[in-house]
Amino acid sequence: MPTYNAPLRDMRFVLTELAGTERLRGLPGCEEIGPDLVDPVLEEAAKFCSEVLLPLNQSGDAEGCTLENGVVRTPKGFVEAYRSFCDGGWTALGADPEWGGQGLPKSIGLLVEEMICSANMAFGMYPGLSHGAYAALEKHGTPEQKALYLPKLTSGEWAGTMCLTEPHCGTDLGLIRTRAVPAEDGSYRITGTKIFISAGEHDLTANIVHLVLAKLPDAPPGTRGISLFVVPKYLPTEDGRPGPRNGVTCTGLEHKMGIKASATCAMAFDDAKGWLVGRPHKGLLAMFTMMNEARLGVGVQGLGIAEIAYQNAVSYARDRIQGRGLDGTKAPDKPADPILVHPDVRRMLLTMRAMTEGCRALSAMAALEHDVSLRHPDPAARQAADDFVQLMTPIIKAVFTDTGWDAAVLGMQVWGGHGYIRDNGMEQFARDARITQIYEGTNGIQALDLVGRKLGAHGGRYLRSFFHPVLAFIEAKSEEPAMEEFILPLSKAFGRLQQVTADLAQRGLRDPFEAGAGASDYLRLFGLTALAYAWARMAEIALDKPDAFYKAKLATARFFMQRILPETSSLAAKVLAGGETLKAFEDAAF
């Protein structure tokens with residue numbers, strides 16, 4: 001069975017030294033954030049993940065979920081683990097104290113989410129969907145809806161879902177056919193079919209709160225006509241208990257490549273009773289609150305898989321002996337050297353490490369800005385922080401999930417043939433990681449979001465939230481000799497990003513196909529530059545510190561700058577080449 005030890009030292013580093021807890025403590029509700037509060041939370045989360053969730057990961061994958069007569073059963077041990085999860089207060093970690101939550105900032109919550117995703121990504125889907133439903137109702141629900149649902153979602157007594165996709169439409173939600181007909185009592189009757197609904201039905205909670213996209217009878221066409229409704233599995237009674245069964249049924253479970261312990265359901269809504277959330281025909285806006293939360297969460301899923309894949313690859317590389325080192329024998333007392341000494345194994349491990357630690361750093365930076373955007377008393381500060389989060393959301397989702405997949409595949413490669421054997425657990429990481437590049441908007445859709453929505457938004461205001469601090473950092477550190485090896489490659493990558501951004505924006509205005517053709521390569525170019533910025537900042541912190549942790553941090557930063565960041569050169573060339581070769585190819589020739 002794979003092992004997992006939460007990277008607590010690195011988590012503390014990105015939280016306290018990189019992002020900075022002093023800035024966090026300056027926010028209302030975060031005044032007590034410090035080691036005395038944070039360390040016990042992280043340590044207890046690490047213990048729960050390694051002792052409770054990790055042992056269920058392989059067994060849950062082997063057993064999967066079952067559906068019988070509309071009832072979904074999760075794998076053995078999941079119900080008990082979920083109860084322990086709720087009893088430990090983990091569902092309430094980031095929720096508002098008004099609704100029974102602990103009110104901890106996103107900066108801490110994302111670190112806990114990463115641990116859960118490393119230990120048991122499928123289990124994490126259940127509370128993860130509830131977090132998204134909570135966020136949407138908290139922002140867009142009526143006072144009555146909040147009072148009814150938020151305490152239950154906070155405690156974990158009830159769970160939540162998001163019901164968007166239909167058999168004939170996924171990305172293009174304007175094509176949805178689910179209908180909502182007004183009833184005399186102020187509610188609506190929802191009828192339609194949804195598919196790929198994570199946690200749509202299960203045995204973990206007393207009730208499930210579905211957030212459903214549907215169209216009213218007078219809805220305008222396309223996405224302008226979508227409304228959002230809250231549709232509980234059981235209709236709540238006057239005292240807030242689950243009452244009669246609503247017209248909501250799970251009609252099928254998907255048989256998937258990975259995350260088999262997560263119930264992915266086809267859901268039928270048959271004259272189900274629901275209530276409008278937010279304004280009529282503005283449901284997509286409300287759902288995007290949930291989707292943005294989910295996209296950041298999916299990015300963290302990729303990070304979690306990358307971390308556990310790296311840990312188990314390193315462990316195997318230390319123990320597995322094959323061949324002798326190319327520069328001489330390293331273990332003369334053994335019949336062969338550990339494969340850790342071989343250059344290509346070291347390349348794979350360092351690639352995994354550099355991308356994983358870089359993603360964790362960028363995650364911490366984005367989480368802090370997320371907290372600022374929600375809590376800062378100054379509207380201008382909130383806006384500036386939100387600009388950064390909006391810009392980074394598609395980048396985090398795409399780059400982190402690509403990293404998770406790449407790390408899982410590299411981890412299998414380090415293990416060689418043994419990585420292909422199910423008992424060793426490495427192949428499950430790859431199967432679980434693969435969905436993260438697809439759901440909550442494929443990574444190609446994230447690229448289109450970045451290029452089509454974020455670059456030109458508000459006259460380039462989102463872009464400035466990243467470009468200005470990076471440029472200021474480069475200018476401030478360019479005269480420091482010790483930082484030259486980090487600032488110079490960052491500066492070159494940043495220059496490429498600026499050039500490509502201007503070129504792509506101009507060509508995209510003339511021909512949207514050009515923007516789409518370069519979008520995926522542009523997103524990765526942007527993402528690697530953002531990681532380089534994070535690595536340069538981490539390197540500055542680690543300079544001249546004798547501790548082994550900081551020495552390893554500097555060595556990893558050097559590897560990133562020299563062996564990964566040069567990829568930005570080829571990415572820039574591909575974007576600048578334009579989309580003519582894509583457009584010119586005849587459809588019939590495919």
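Helices, counted as H or I runs of at least four residues, and strands, counted as E runs of at least two, are taken here from DSSP and numbered from the N terminus. On this basis, the secondary structure of the chain, which is a predicted model, amounts to 17 helices and 11 strands.

The overall dimensions were considered next. For 590 residues, a compact globule would be expected to have a radius of gyration near 25 Å, and the value of 24 Å found for the chain agrees with this. The C-alpha trace extends over about 80 × 60 × 60 Å along its principal axes. Of the 590 residues, 57% are classed as buried. Among contacts in the chain with a separation of 6 or more, 73% are made by residues 24 or more positions apart.

The surface and the charges were also examined. An area of about 24400 Å² is exposed by the chain, and 53% of this area is supplied by carbon and sulfur atoms. The chain carries 60 positive and 70 negative charges, and the mean positions of the two sets are 3 Å apart.

Strand β7, comprising residues 227-232, was analysed in detail. Because 6 of its 6 residues are buried, β7 is largely enclosed by the rest of the structure. Ser227, Phe229 and Val231 point one way from the strand, whereas Leu228, Val230 and Pro232 point the other way, and all of these residues are buried. In a regular strand, side chains alternate between the two faces of the sheet.

Pairing of β7 was found with two strands, β6 and β11. Strand β6, formed by residues 207-214, pairs with β7 in the antiparallel sense over 6 bridges. Within this part of the structure, serine 227 of β7 is the bridge partner of alanine 214. Strand β11, formed by residues 264-277, likewise runs antiparallel to β7 and is joined to it by 3 bridges. Here, tryptophan 275 of β11 is the bridge partner of valine 230, a residue that is itself buried.

A buried position within a helix was examined as well. Glutamine 446 lies in helix α11, which covers residues 443-454. With a relative accessible area of 0%, glutamine 446 falls under the 20% cut-off and is therefore classed as buried. When residues up to four places away in sequence are not counted, glutamine 446 touches Arg295, Pro394, Lys397, Ala398, Glu440, Gly441 and Leu523.

Note on methods
Residues numbered from 1 in each chain as written. Heavy atoms only, no water. Rg over C-alpha atoms; globule rule 2.2 N^0.38 Å. Buried < 20%, exposed > 50% of the residue type's maximum accessible area, 1.4 Å probe, protein only. Contact = heavy atoms within 4.5 Å. Areas by Shrake-Rupley, 256 points an atom, 1.4 Å probe, with all protein chains shown as cover. Lys, Arg positive; Asp, Glu negative; His and termini not counted. Charge placed at Lys NZ, Arg CZ, Asp CG, Glu CD. Pairing = 2+ DSSP bridges.
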